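Here are my notes on this model, set out as numbered points. Please read them with the sequence and the coordinates open beside you.

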Amino acid sequence: MTAITHPETTISADPALPVIRITREFDAPREAVFRAHTDPELVVKWLGPRSVTMEVERWDATTGGGYRYLHRRGDEAYGFYGSFHEVRPAERIVQTFTFEGVPDGVCLETMTLEDLGGGRTRLHVVSVFETVEGRDAAMSSGMSYGVTQGYEQLDELLAS
């Protein structure tokens, strides 16, 4: 089915399952990549496409915690929220994810960080949607554009 591959970020959708898989490598130790995903002061600097600003309303990246944030572009605002099911330092984050524009849709995301040695990390994300239609809607929403630009900004943050 649909598979989009960028030079550094691979995003693929399994044709038989409501699943999206993302793989990306970073020139930084996994502790730094993990911190960039859990510290709200860092998250606002990279999450999402370059065309938006991010406002964190709530961010508790601990097991049992939760989050809500807005991406703003001009007068438009897009809200997202979820719960952190498991946060295992430098190894794994399991969370739910809901776009407020589709409030009946919830996605379960599992991110794992693999130490490649030499200060490099490979990130794996598996996102499980309720339906193939929900997965396809996410893929056609420009998600790959936002993910790719977000990871480019994360590269810049990790290098600074």
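1. Proline 103 is a convenient place to begin, since at 54% relative accessibility it counts as exposed, where exposed means over 50% relative accessible area, buried under 20% and partly exposed in between (1.4 Å probe, protein chains only). Proline 103 is found in the loop between S7 and S8, and the helices (H or I, at least four residues) and strands (E, at least two) named in this note are DSSP runs, numbered from the N terminus. Leaving aside residues up to four places away in sequence, proline 103 touches Tyr81 and Thr98, contact meaning heavy atoms within 4.5 Å. Its C-alpha atom lies 9.5 Å from that of phenylalanine 80, with the two positions 23 residues apart in sequence.

2. A word on the basis of these values: this is a predicted model, in which local features need pLDDT of at least 70 and side-chain atom pairs count only at pLDDT 80 or more, whereas totals for chains, interfaces and linings use all residues. Residues are numbered from 1 along each chain as its sequence is written, and side-chain values use heavy atoms, with hydrogens and water left out.

3. For the annotation, UniProt lists residues 27–158 under "domain: Activator of Hsp90 ATPase homologue 1/2-like C-terminal", in an unreviewed entry; UniProt positions are given in the numbering used here, feature names are shortened, and annotations may be inferred rather than shown by experiment. In the model, the span 27–158 is 29% helix and 42% strand, and its end C-alpha atoms lie 8 Å apart.

4. Which residue that is not a glycine has a positive phi? Alanine 90 does, at about 60°, and it sits in the loop between strand S6 (76–88) and strand S7 (92–99). Most residues other than glycine have a negative phi. Alanine 90 counts as buried because its relative accessibility is 10%, and, not counting residues up to four places away in sequence, it touches Arg30, Glu31, Phe34 and Leu113. Proline 29, 61 residues from alanine 90 in sequence, is 9.0 Å from it in space, C-alpha to C-alpha.

5. A different loop, between strand S8 (107–117) and strand S9 (120–128), holds glycine 118, which counts as exposed because its relative accessibility is 86%. The C-alpha atoms of glycine 118 and glutamine 153 are separated by 21 Å, the two residues being 35 apart along the chain.

6. Helix H4 (residues 143–159) has 17 residues, which at 1.5 Å a residue should span 24 Å, and the end C-alpha atoms are 24 Å apart, so the two values agree; the expected span is 1.5 Å times one less than the number of residues. The buried residues of H4 include Met143, Val147, Tyr151, Leu154 and Leu157.

7. How is H4 packed against helix H1 (residues 30–38), and at what angle? The angle is about 115°, with the axes 11 Å apart; axes are lines fitted to C-alpha atoms, for helices over the stretch in contact, and angles run from 0 to 180 degrees between N-to-C directions. The contact is made by Ala32, Val33, Ala36 and His37 of H1 together with Leu154, Leu157 and Leu158 of H4.

8. The aromatic pairs deserve a separate look, and the count comes to ten, where rings of Phe, Tyr and Trp (its six-membered ring) pair if their centres lie within 6.5 Å, and planes under 30 degrees apart count as stacked, over 60 as edge-to-face and the rest as tilted. Tryptophan 46 and tyrosine 151 form a stacked pair, 6.1 Å centre to centre with 25° between the planes. This pair links distant parts of the chain, tryptophan 46 being in the loop between helix H2 (40–43) and strand S4 (53–59) and tyrosine 151 in helix H4, 105 residues apart. Tryptophan 46 counts as buried at 4% relative accessibility, as does tyrosine 151 at 6%.

9. The rings of tyrosine 67 and phenylalanine 84 have centres 5.4 Å apart and planes at 55°, so this pair is tilted. Tyrosine 67 belongs to strand S5 (residues 66–73) and phenylalanine 84 to strand S6, 17 residues apart. Tyrosine 67 is buried at 1% relative accessibility, and phenylalanine 84 is buried with a relative accessible area of 1%. Ring pairs link Trp59, Tyr67, Tyr69, Phe80, Phe84, Phe97 and Phe99 into a cluster.
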